Amino acid sequence: MPTVLVPLLLALDQTLKLWALEHLSPVPKPLLGDLLYLTLVRNTGAGFGLFQGQASLLGLLSFLVGAGLLLLLARRRYPPLPALALSLLAAGALGNGVDRLGRGWVVDYLDLGTSIPLIANFPVFNLADVCVTLGAALLLLAPRRRRRWI
């Protein structure tokens, strides 16, 4: 699964980012009523405005995390849910790593421009961010084997 899923998600992420750069602006365009907008944002840091201007460091860390996860997936066979979770995490880390090292910033374009209290000021994000979030959630939900301590 990872040998197909990671490059597929990485290609889709980069394609959507190129599309966003060509067709979007910082002015929000409604996509799903008042819930989801398309808004071009050039993020020079990490999520929620952290580490602004640290694209090289964050890009290197993203690549190390993505490569480390790919190495884990290559060395050991995982059950389907953890394999999917690790693949999503790897694709997301590599997708944003490509942006940070290639452009010096990450292309974000999905905007929850809503007045719903919990998400009213949520940062603009992209497919790679969705992959990381879903991968982390799936990893938390994946059943774990209990280790016996002898």
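In this predicted model, strands S1 (residues 29-32) and S2 run antiparallel and are joined by three bridges. One of the pairings is easy to pick out: Pro30 has Tyr37 as its bridge partner in S2. The two strands form a hairpin with three residues between them, and Gly33 takes a positive phi there, near 55°.

Stepping back to the whole chain, there are four helices and three strands, and they come in the order α-β-β-α-α-β-α along the sequence. The C-alpha atoms fill a box of roughly 60 × 35 × 30 Å along the principal axes. Of the 150 residues, 39% are buried. As for how the chain folds back on itself, residues 24 or more positions apart make up 66% of the contacts that have a separation of 6 or more.

Now for the inside. In soluble globular proteins, nonpolar side chains tend to be buried together. Here the largest nonpolar core has 26 residues, and those touching the most other members are Leu9, Ala20, Leu24, Leu86, Val107, Tyr109 and Leu110. Two or more residues of this core come from each of helix H1 (2-23), strand S2 (36-43), helix H2 (55-75), helix H3 (80-102), strand S3 (106-111) and helix H4 (127-141). H3 is the biggest giver, with seven residues.

Leu24 gives a feel for how one of these core residues is placed. Setting aside neighbours within four places in sequence, Leu24 is in contact with Trp19 and Lys29, with Leu38, Thr39 and Leu40, and with Tyr109. Tyr109 is itself listed with Leu24 among the core residues that touch the most other members.

Asp111 is worth a look too, as a charged residue that sits in strand S3. Asp111 counts as buried because its relative accessibility is 13%, below the 20% cut-off. Beyond its neighbours within four places in sequence, Asp111 is in contact with Pro28, Leu35, Leu36, Tyr37, Thr39 and Val124. Tyr37, then, is both a contact of Asp111 and the bridge partner of Pro30. Thr39 is likewise shared, being in contact with Asp111 and with Leu24. Val4, on the other hand, is 107 residues away from Asp111 along the chain, with 28 Å between the two C-alpha atoms.

Trp105 is found in the loop between H3 and S3. At 18% relative accessibility, this tryptophan also counts as buried, because the limit is 20%. Neighbours within four places in sequence aside, Trp105 is in contact with Leu21, with Arg42, Asn43 and Thr44, with Ala55, and with Asp99 and Arg100. The C-alpha atoms of Trp105 and Val41 are 9.5 Å apart, although 64 residues separate them along the chain.

That leaves the open space. The largest pocket holds about 650 Å³. Its lining comes to 29 residues, with Ala46, Gly47, Asn96, Arg100 and Asp129 the closest to the pocket centre. Arg100 therefore turns up twice, at the pocket and as a contact of the buried Trp105. At least two lining residues come from each of S2, H2, H3, S3 and H4, elements that also each give two or more residues to the largest nonpolar core. By type, the lining splits into 16 nonpolar, nine polar and four charged residues.

Notes
Residues are numbered from 1 along each chain as its sequence is written. This is a predicted model: local features need pLDDT of at least 70, side-chain atom pairs count only at pLDDT 80 or more; totals for chains, interfaces and linings use all residues. Side-chain values use heavy atoms; hydrogens and water are left out. A nonpolar core is a set of buried Ala, Val, Leu, Ile, Met, Phe, Trp, Tyr and Cys residues joined through side-chain atoms within 4.5 Å. Buried means under 20% relative accessible area, exposed over 50%, partly exposed in between (1.4 Å probe, protein chains only). Contact means heavy atoms within 4.5 Å. On a 1 Å grid over the protein atoms alone, a cavity is a set of points where a 1.4 Å probe fits but cannot get out, and a pocket is an open set with protein on both sides within 12 Å along at least five of seven lines; lining residues have an atom within 4 Å of a point. Grid points are joined across faces, edges and corners, and a volume is the space filled by probe spheres set on the points. Two strands pair if DSSP finds at least two bridges between them.
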